[in-house]
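Please work through the following exercises with the structure in view. Each task is followed by a solution in steps.

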Amino acid sequence: MVRCAAPAPQPQASGAAAMSGAAPRLGVVGCGTYGQQILRCFAAEARRGRVTLVALCDPHADRRARAEAEFGLPGFAEAGQMMQNCALDAVAVATPDHLHAGVIETAARHGLHVMVEKPLDVDLARATRLADSFARANRILYVDQHKRFDPGHIRLRQDLAAGAFGRPLYGSVHMEDRIEVPEIWLRDWVGHSSPSWFLGVNFYDLVTWLTGLAPRRVYATGQKGVLEQRGLPGVWDSVQAKVDYDTGFSMHYDLSWILPASFPSIVNQGIRIVGSEGLAEVDSQQRGYFAARADAPGALEGNPFGVLEHDHPLFGPVTDGYVFEAIRHFLDVLAAWRDGGSARALAGRYPDAASALTAIRLAEAVDRSLASGGIEPV
């Protein structure tokens, strides 16, 4: 039987309500590509004393064993088993998108706080119920929308709020992954997703966060064929969506995950907004780091502003960059909750479940437009 480290004595009841001055006890569900990043981030924060990393969970035995060995944690094949056997305060969820809800519902039954990768869920009605249930239970349901933590996006939001570009008129987003993402990384569940759900949700959320405007209608088109030829029938190669917002503001989204393997980074992304008195652009891919190595097939363009791991003279290996900052912020929110805050009082001060619903609503409208071939309300 798998055993978890015993918790420090607590003056309150078990479960999330027990979180007092001690570091929160956290388990991670999902040890794939992004689950590994979450584990590395929380392992670094554990060395700083900000969190106690207790256990991990993944149904794939080989992946679970590798994570157990790397992080020195007990592993479980099933999330409910981990929550039942380990005295946790919170869980971080990095499962395939369509499996988020089941894990979150199990966590809710155990009275735990949750950090989940975007999207919160792939069904608006279910996501709404999740948001409502956590609010009623006074528990944190945090959605890792790391685009909000990019310094370029923070500056853009400040400038828009100050009216630096006048009234926002129109803009565009591009987010494109290399083909290995759907073909290799997500192959087991790519049929449950699309460029709109996997990539677009990042910027659907970001644009509303930047502008404060709600989407009203969408017209979407898309292409298939490249991934179908690689044994992935019915999977969209790319999606284009024109979205009209409040005040007449309009955004065009180009979303794709079939960039060639020779592209120098795993993702190409950026945003441009034009106003009545100016414009702003944030290139999230070419951040000024270029490398060419003898052991690599082509040049590499990295983004150290997003993901950077290095040795700290006091704490050893640490994680920096806005991707990890978004994960660390979950610990800040838990600390605020512990120190007398409430889920209701903290609402809107972090990427909470309620704010995640707009992006899900838009993604569903994109799907409807792709199916109908016409303009759909959001």
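**Exercise 1.** Determine whether R50 is buried, partly exposed or exposed, and examine the salt bridge that R50 forms with E45.

*Solution.* Step 1: R50 has a relative accessibility of 28% and therefore counts as partly exposed; buried means under 20% relative accessible area, exposed over 50%, and partly exposed in between, with a 1.4 Å probe and protein chains only. The model is a predicted one, in which local features need pLDDT of at least 70 and side-chain atom pairs count only at pLDDT 80 or more, while totals for chains, interfaces and linings use all residues. Residues are numbered from 1 along each chain as its sequence is written, and side-chain values use heavy atoms, leaving out hydrogens and water.

Step 2: E45 has a relative accessibility of 3%, so E45 counts as buried.

Step 3: The closest N and O atoms of the salt bridge between E45 and R50 are 3.1 Å apart. A salt bridge here is a side-chain nitrogen of Lys or Arg within 4 Å of a carboxyl oxygen of Asp or Glu.

Step 4: A network of salt bridges links E45, R48, R50 and D332.

**Exercise 2.** Describe the salt bridges of D121 with R126 and of D339 with R338, and classify the residues by accessibility.

*Solution.* Step 1: Between D121 and R126 the closest N and O atoms lie 2.5 Å apart. D121, at 0% relative accessibility, is buried, whereas R126, at 25%, is partly exposed.

Step 2: D339 and R338 meet through their side chains at 3.1 Å, N to O. D339 is exposed at 58% relative accessibility, and R338 is partly exposed at 27%.

Step 3: In total, the structure holds 18 salt bridges.

**Exercise 3.** Identify the residues with the most contacts inside the largest nonpolar core.

*Solution.* Step 1: A nonpolar core is a set of buried Ala, Val, Leu, Ile, Met, Phe, Trp, Tyr and Cys residues joined through side-chain atoms within 4.5 Å.

Step 2: The largest such core has 78 residues, and L120, Y253 and I271 have the most contacts inside it.

Step 3: A second, separate core contains 34 residues, among them C41, I140, A326 and L346.

**Exercise 4.** State the strand order of the open sheet and name its edge strands.

*Solution.* Step 1: The six strands follow the order β3-β2-β1-β4-β5-β6, with parallel pairing. Strands are DSSP runs (E, at least two residues), numbered from the N terminus, and two strands pair if DSSP finds at least two bridges between them.

Step 2: β3 (75–76) and β6 (141–144) are the edge strands, each pairing on one side only.

Methods
Helix = DSSP H or I, 4+ residues; strand = E, 2+ residues; numbered from the N terminus.
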